[in-house]
Amino acid sequence: VTEQAFEGRVNALRGTLFRVASAYLTRECDRADAVQEALLKAWRGLNRLRREELFKTWLIRILIRECINILRQNRRMIPAESLPETAAPQKDDGSAALGEALRRLPDEMRIVVTLFYMDGFSTVEIARALGVPKGTVCSRLARARRQMRETLGEEACE
Amino acid sequence: MRTQEEWRSVFGVPDAAFNARIDQTFQKIREGRTMKRFTMRTGLVLAIILLLTIGTVCAVIFFTLLGFTSSLVMFIIFLLLSLISMAIFRSPAVALMPDVTVKPLRSKANAIINLMGTIGGIVILLFATVFKTSEDGKTDFGFYIIAVCAVMLVALSVFLITVKEPLWAKEMQEETERLGCDKETEVRESVGGKLTKSQLTSLILILASVALWYIGYNAVTSKYSVYASNYLHVNYATTLLLAQAAAVISYIPVGIIASKLGRRKTILAGVLMLFGSFLGASFITQESPNWLMYILFALAGIGWATINVNSFPMVVELAKGSDVGKYTGYYYTASMAAQIVTPVVSGALMDKIGYQSLFPYATVFVALAFLTMFFVKHGDSKPEAKVGIEALDIQDD
């Protein structure tokens, strides 16, 4: 794979990469760090990718690993009370409530919802990207839906 | 039922910082500046060190076979294979040093490499003693090979755990910039990254010197046991050990002296010492007192340390960063070629002319090495004189 081809593929996935990083990390600088490290690792490890069609899930998997690494480092380094603000939603047309419900989900559920609803990944693709069985993805998705419904319902009542 | 767009609006669109970092990453990839824990050369070293475990066993076996073969052709083949096995791991491993060491400190660093090499040699001698199982001094090679392999695996583990080449290389670059060492490098004088004619001549002369002094020194070390036993009728072990001990003691001081005086001058002094000791040894006979040979060999050891510590840094001084491995290869090609040729040539001379030809043979080649080294103009560590306000800078080391 040439540099140009790699760039082309990554450019097509910019939005997805951003959303995956956002699902884990709230700070702009962390998201940028994670994606940079993931892209460098992907570029160096391209020869290990056996099936070209799996590039997308493979890259997402690397990015998720980087996000988790950064989360771990942050947990070690930053006291909880000084955690920075969460990213502001773009519009206040109901997406704020949806965003809040999404943020309340545990990490492993949030990423499933992000990939499924925002980027149209199939459960098989998500399973491949996360390295878990398809059944686990389905159950996480179901639990996430339930939890979000409860959160949104509660907020609707307030 | 929410649409995908509604879902996506939660996180918004990639922000400027995010996009900028992706573009910056592409730029890094295009320029080949992707830092990684193990660079290409480290990867090569690792691959080769893994092969080395097998290679070491081969080297030991070939060395062993050297002792038992009576055929000249087989002797040459085994010698070649032994040296190749050693060269496979040694060149890339040694080439790591200039990658992580600022130029003024490379002689000192090379002194440590040589010291470690000598310690390795002593360990091997100890193994040979420990695994000597019978009265006639034969070694149990089974345990011997296992012990050597174990040492190699320990070395490999230490390497893997402790060596962080990209980090050290980065620190070295920062330090180089901080100290302004780069201003004195030979590379700055070169045209378009290639060596100038004068630099190329110096490189060839240095490599010729390396080959010549190896021809002289290795002839003596490889044939002295035969010479001492059959010509002088004295014990050879103490004399050789003295030379080695003198070299061990000298490595570090010589490295320090070279960073003060300059590598070329230090090497020339070392070559003179070697020349003097070999010339003197040419006149030693059975009647001469033993201590005379001890002194000459101790002098030769110091001379050899002086030469050895500084010659490799001189070669890599001429290389630009990415060429260090290649220049290390040149250095080892010169030294190894000499070590392949000289035992055969000196042995043949001793057979044809007589044992007394050994030291004159070595003396001639060392003298030639002095001549070639004398005309070297580049590769020294000594910084050029600064001009203007820079002349007021304090020069580190």
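The following dialogue concerns the reading of interfaces, salt bridges and helices in a predicted model.

Me: How is the size of an interface usually expressed, and what area is buried between chain A and chain B?

Reply: The size of an interface is often given as the accessible area lost when the parts come together. In this predicted model, the area buried between chain A and chain B is about 3,200 Å², and carbon and sulfur atoms give 66% of that area. A:R14, A:F18 and A:M118 supply 21% of the area that chain A buries against chain B, more than any other three residues.

Me: How many residues of each chain are in contact?

Reply: On one side there are 39 residues of chain A, and on the other 27 residues of chain B. Across this interface the rule finds 5 residue pairs in polar contact, both residues being at pLDDT 80 or more. Six helices of chain A each give two or more residues to the side that touches chain B: helix 1 (3-12), helix 2 (14-24), helix 3 (28-44), helix 5 (95-104), helix 6 (107-118) and helix 8 (134-157). The largest share, 11 residues, comes from helix 3 of chain A. By residue class, the side of chain A that touches chain B divides into 20 nonpolar, 10 polar and 9 charged.

Me: How many salt bridges does the rule find across the interface of chain A and chain B?

Reply: The criterion is a side-chain nitrogen of Lys or Arg within 4 Å of a carboxyl oxygen of Asp or Glu. Across the interface of chain A and chain B the rule finds 3 salt bridges, and over all chains the count comes to 10. One of the pairs is A:R31 with B:D15, at 3.3 Å from N to O. A:R31 lies in helix 3 of chain A and B:D15 in the loop between helix 1 (4-8) and helix 2 (16-30) of chain B, so the pair joins two chains.

Me: Are A:R31 and B:D15 buried or exposed?

Reply: Both A:R31 and B:D15 are buried.

Me: Which parts of chain A does the pair A:E125 and A:K56 tie together?

Reply: The side chains of A:E125 and A:K56 meet in a salt bridge at 3.9 Å, N to O. A:E125 lies in helix 7 (residues 123-130) and A:K56 in helix 4 (residues 55-77) of chain A, so the pair ties together parts that are 69 residues apart in sequence. A:E125 is partly exposed, with a relative accessible area of 24%, and A:K56 is partly exposed at 29%.

Me: How should a salt bridge inside one helix be read, and what separates A:R104 and A:E100?

Reply: An α-helix has 3.6 residues a turn, so residues three or four places apart point the same way. A:R104 and A:E100 are 4 residues apart in helix 5 of chain A, and are therefore separated by about one helical turn. Their closest N and O atoms are 3.6 Å apart. A:R104 is partly exposed at 44% relative accessible area, as is A:E100 at 31%.

Me: What span should helix 10 of chain B have?

Reply: The expected span is 1.5 Å times one less than the number of residues. For the 20 residues of helix 10 (residues 263-282) of chain B this gives 28 Å, and the end C-alpha atoms are 28 Å apart, which agrees. Its buried residues include B:I267, B:L268, B:V271, B:L274 and B:F278. Among the elements covering the buried residues of helix 10 are helix 9 (237-261) and helix 11 (290-317) of chain B.

Methods: Residues are numbered from 1 along each chain as its sequence is written. Chains are lettered from A and ligands numbered from 1 in the order in which they are written. This is a predicted model: local features need pLDDT of at least 70, side-chain atom pairs count only at pLDDT 80 or more; totals for chains, interfaces and linings use all residues. Side-chain values use heavy atoms; hydrogens and water are left out. Contact means heavy atoms within 4.5 Å. Buried area is the accessible area (1.4 Å probe) that two parts lose on being put together, summed over both. A polar contact is a pair of N or O atoms within 3.5 Å; within protein, one must be able to donate a hydrogen and the other to accept it, and residues adjacent in sequence count only if both atoms are side-chain atoms. Ala, Val, Leu, Ile, Met, Phe, Trp, Tyr, Cys and Pro count as nonpolar, Asp, Glu, Lys and Arg as charged, and the others, Gly among them, as polar. Buried means under 20% relative accessible area, exposed over 50%, partly exposed in between (1.4 Å probe, protein chains only).
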